[in-house]
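Colleague: Can you walk me through the pocket and the core of this one? I have the viewer open.

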Amino acid sequence: MNKRELLSLIDVSHVYDHHRQKIKVLNKINLKVFNGEMISLIGPSGTGKSTLLNIAGLLEQPTLGSIYISGQNCTNFSEDNKTILRGKNIGFVFQSHRLFQEFSAIENVMIPQLIMGSSKMNAEKKSKELLSILGLENRFNFRPANLSGGEAQRVAIARALANSPNLILADEPTGNLDPISAKNVFKILYRLVKSLNISCIFATHNHDLAHLMDRKIILKNGSVED
Ligand code: ADP
Ligand code: MG
């Protein structure tokens, strides 16, 4: 299988300015992510995992360095172009599901597709397919409040996959789940990354899950150890 570089961070450094205090978080990070790879990102709380994922996902501008997505340098894209690129290429999953409470599971998966210009019919069809792959064929019309934590995270994964991204950035997606649900959500995501031949960076404190992934990146004192 040919390897494509989906994400590349080159000499990325990040410093937060907080009330005139400089908080150095990332120091010259270099990282390449290829298709078909599931990578764990581990490190204690406060080491910059979320910062790294936000920079990789073009949600945050790094203080220094460059971000390439599918070979294209996106570092200095306009906000509008970043939004388009994110919509097409990147799916996000967070620790708390961040689903819209007033919408059903299927509507939550349809919304990003409608935003990207899909017809309602196509969005509905794709949402049903994705939710079914995630074992939620009996939960289409449930609102988040009526789903278990693991089910809600699976809806969040379906939503992240809605526009067929090639990169999933998952920020402690199993952090709020019990060990069995955590493993289940991880396994489903892992299988999807492999079958779709996309890639995923998965931040976690769970070393058992990290061992099951293809690569482990440890964030420590602003640097990565691969
Ligand atoms: P992690 O996800 O590994 O817990 P974060 O990336 O959230 O780490 O945070 C890394 C460091 O940067 C922490 O010390 C945090 O306090 C600081 N930080 C995060 N966001 C901001 C911000 N917007 N302004 C100032 N400091 C921040
Ligand atoms: Mg974090």
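Modeller: What follows covers the pocket, then the nonpolar cores. This is a predicted model, with local features needing pLDDT of at least 70 and side-chain atom pairs counting only at pLDDT 80 or more, while totals for linings use all residues. Residues are numbered from 1 along each chain, and side-chain values use heavy atoms, without hydrogens and water.

Colleague: What volume does the largest pocket have?

Modeller: About 540 Å³. A pocket here is an open set of points on a 1 Å grid where a 1.4 Å probe fits, with protein on both sides within 12 Å along at least five of seven lines; lining residues have an atom within 4 Å of a point. The volume is the space filled by probe spheres set on the points.

Colleague: Which residues lie nearest its centre?

Modeller: I90, F92, P112, R159 and N163, out of 20 lining residues.

Colleague: And which element gives the most to the lining?

Modeller: α3, with 4 residues. Helices are DSSP runs of H or I with at least four residues, and strands are runs of E with at least two.

Colleague: How does the lining divide by residue type?

Modeller: Into 12 nonpolar, 5 polar and 3 charged residues.

Colleague: Now the core. How many residues has the largest nonpolar one?

Modeller: It has 37. Such a core joins buried nonpolar residues through side-chain atoms within 4.5 Å, buried being under 20% relative accessible area with a 1.4 Å probe. The largest share, 7 residues, comes from α6.

Colleague: What does I157 touch?

Modeller: V93, L134, V185, L189 and L192, leaving out residues up to four places away in sequence. Contact means heavy atoms within 4.5 Å.

Key:
Chains are lettered from A and ligands numbered from 1 in the order in which they are written. Ala, Val, Leu, Ile, Met, Phe, Trp, Tyr, Cys and Pro count as nonpolar, Asp, Glu, Lys and Arg as charged, and the others, Gly among them, as polar. Buried means under 20% relative accessible area, exposed over 50%, partly exposed in between (1.4 Å probe, protein chains only).
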